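User: Please take a close look at one part of this structure, beginning with a single acidic residue and its surroundings, and then set that part against the rest of the chain.

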Amino acid sequence: MPPADHFRELELLSDCGSCFGLCCVALPFAASADFAADKAAGDPCRNLREDFRCSIHERLRPSGYPGCTVFDCFGAGQKVSQVTFEGRSWRAAPETAGQMYAVFPVMRQLHELLWYLAEALSLEPARPVHAELRRALDETDRLTRQDAGTLEKYDVAPHRAAVNELLLRVSELVRSQEKGRGKDRRGADLIGARLRGADLRRANLRGAYLIGADLRGADLREADLIGADLRGANLAGADLTGAIFLTQAQLNAAAGDAATRIPPALTRPAHWSETAARPAPVRNARRPRRR
């Protein structure tokens, strides 16, 4: 089954119309290049309407909220809203608000794992571990369907670690095809790196810091990009065909153009121009904590 079908089947594609604006309420953000104002966790964003829609959705970037265009809950918002809390919103039932906000980030982590497992199951080189992947996917899906009290207290870390070990095996199988594995740059500090035209085919870029990197025309085919930080990276003309564990959020955080080749399950971001701008200077880039 193609990965896009897996994602739809598991409801991993965000449906904001079925969510109670949880990313706009539960999560905090600080005034920065990504957000125009501070907001504490649990406080509704000032742009959130009564119907849980964003009043500036069509102009988030020019309004100073590019961070909102990058965020992806992998469908966790609608799962919490419509399944865990059975369609009762935090506005209609204020007593549920705190618990709902606590459940949301847990659900998001589980849905992110579902995304990676679903993609892994679509990869032919990973067939030797498909049975294990299916068991891990079924167990993760089961975890998402627990009651709110259980989810609120659930520690995702041990399950994430077990799934990650399996995904590492998938990565090795995919990247060992043909002429063997590419470069190992796992967790590498490549902030602002000049990698124009670089041969990164089948490279291990798991958790690499590629903030503001110049990747114009780079060959990233079959590279493992799980957790790679692509904020402001210039992907104009780059080839990401077959790149594994790349998410829509990562693409949205980068710059690209009409010549950038992306996996078929993902969508070319609307803000990508025909020709990506030159990489912006990187000043005081802070590394996010890795899960």
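Analyst: The residue to begin with is D219, which lies in the loop between α7 and α8; the model in which it is seen is a predicted one. With a relative accessible area of 16%, D219 falls under the 20% cut-off and therefore counts as buried. Leaving aside residues up to four places away in sequence, D219 touches A198, D199, L200, R201 and D239, a list in which both acidic and basic residues appear beside alanine and leucine.

The loop that holds D219 also holds L215, and the helices on its two sides are α7, covering 157–175, and α8, covering 248–253. L215 has a relative accessibility of 1%, so this leucine is likewise classed as buried. Its contacts, again without residues up to four places away in sequence, are with L195, L200, L210, L230, A233, N234, L235, A236 and A238. L200 is thus among the residues touched by L215, and L200 is also among those touched by D219. For a sense of distance across the model, L215 and R127 are 88 residues apart in sequence, and their C-alpha atoms are separated by 31 Å in space.

A second part worth examining is aromatic. A search of the whole structure finds eight aromatic pairs. In one of these, the rings of F52 and W90 have centres 5.7 Å apart and planes at 65 degrees, and because an angle over 60 degrees is the criterion, the pair is edge-to-face. F52 is placed in the loop between α1 (3–9) and α2 (66–70), whereas W90 is placed in the loop between α3 (76–84) and α4 (97–121), so the pair ties together parts that are 38 residues apart in sequence. Both F52 and W90 are buried.

W90 takes part in another pair, with Y101: here the ring centres lie 6.3 Å apart and the planes meet at 65 degrees, so this pair too is edge-to-face. Since W90 lies in the loop between α3 and α4 while Y101 belongs to helix α4, the pair ties together parts that are eleven residues apart in sequence. The relative accessible area of W90 is 8%, which makes it buried, and Y101, at 14% relative accessibility, also counts as buried. Ring pairs join F52, W90 and Y101 with F20 into a cluster.

As for the chain that surrounds these parts, the protein chain contains eight helices and zero strands, and its elements, read from the N terminus, run α-α-α-α-α-α-α-α. Its radius of gyration is 19 Å, close to the 19 Å that the globule rule gives for 291 residues, so the chain is as compact as a globular protein of that length. The C-alpha trace spans about 55 × 45 × 30 Å along its principal axes. Of the 291 residues, 50% are buried, and among contacts with a separation of 6 or more, 47% are made by residues 24 or more positions apart.

The accessible surface of the chain comes to about 14100 Å², with 49% of that area belonging to carbon and sulfur atoms. The chain carries 42 positive and 37 negative side chains, and the centres of these two sets lie 5 Å apart.

Technical notes. Residues are numbered from 1 along each chain as its sequence is written. This is a predicted model: local features need pLDDT of at least 70, side-chain atom pairs count only at pLDDT 80 or more; totals for chains, interfaces and linings use all residues. Side-chain values use heavy atoms; hydrogens and water are left out. Helices (H or I, at least four residues) and strands (E, at least two) are DSSP runs, numbered from the N terminus. The radius of gyration is taken over C-alpha atoms; the globule rule is 2.2 Å times the number of residues to the power 0.38. Buried means under 20% relative accessible area, exposed over 50%, partly exposed in between (1.4 Å probe, protein chains only). Contact means heavy atoms within 4.5 Å. Accessible areas come from the Shrake-Rupley method with a 1.4 Å probe; for residues, only the protein chains shown count as cover. Lys and Arg count as positive and Asp and Glu as negative; His and the chain ends are not counted. The place of a charge is taken as NZ of Lys, CZ of Arg, CG of Asp or CD of Glu. Rings of Phe, Tyr and Trp (its six-membered ring) pair if their centres lie within 6.5 Å; planes under 30 degrees apart count as stacked, over 60 as edge-to-face and the rest as tilted.
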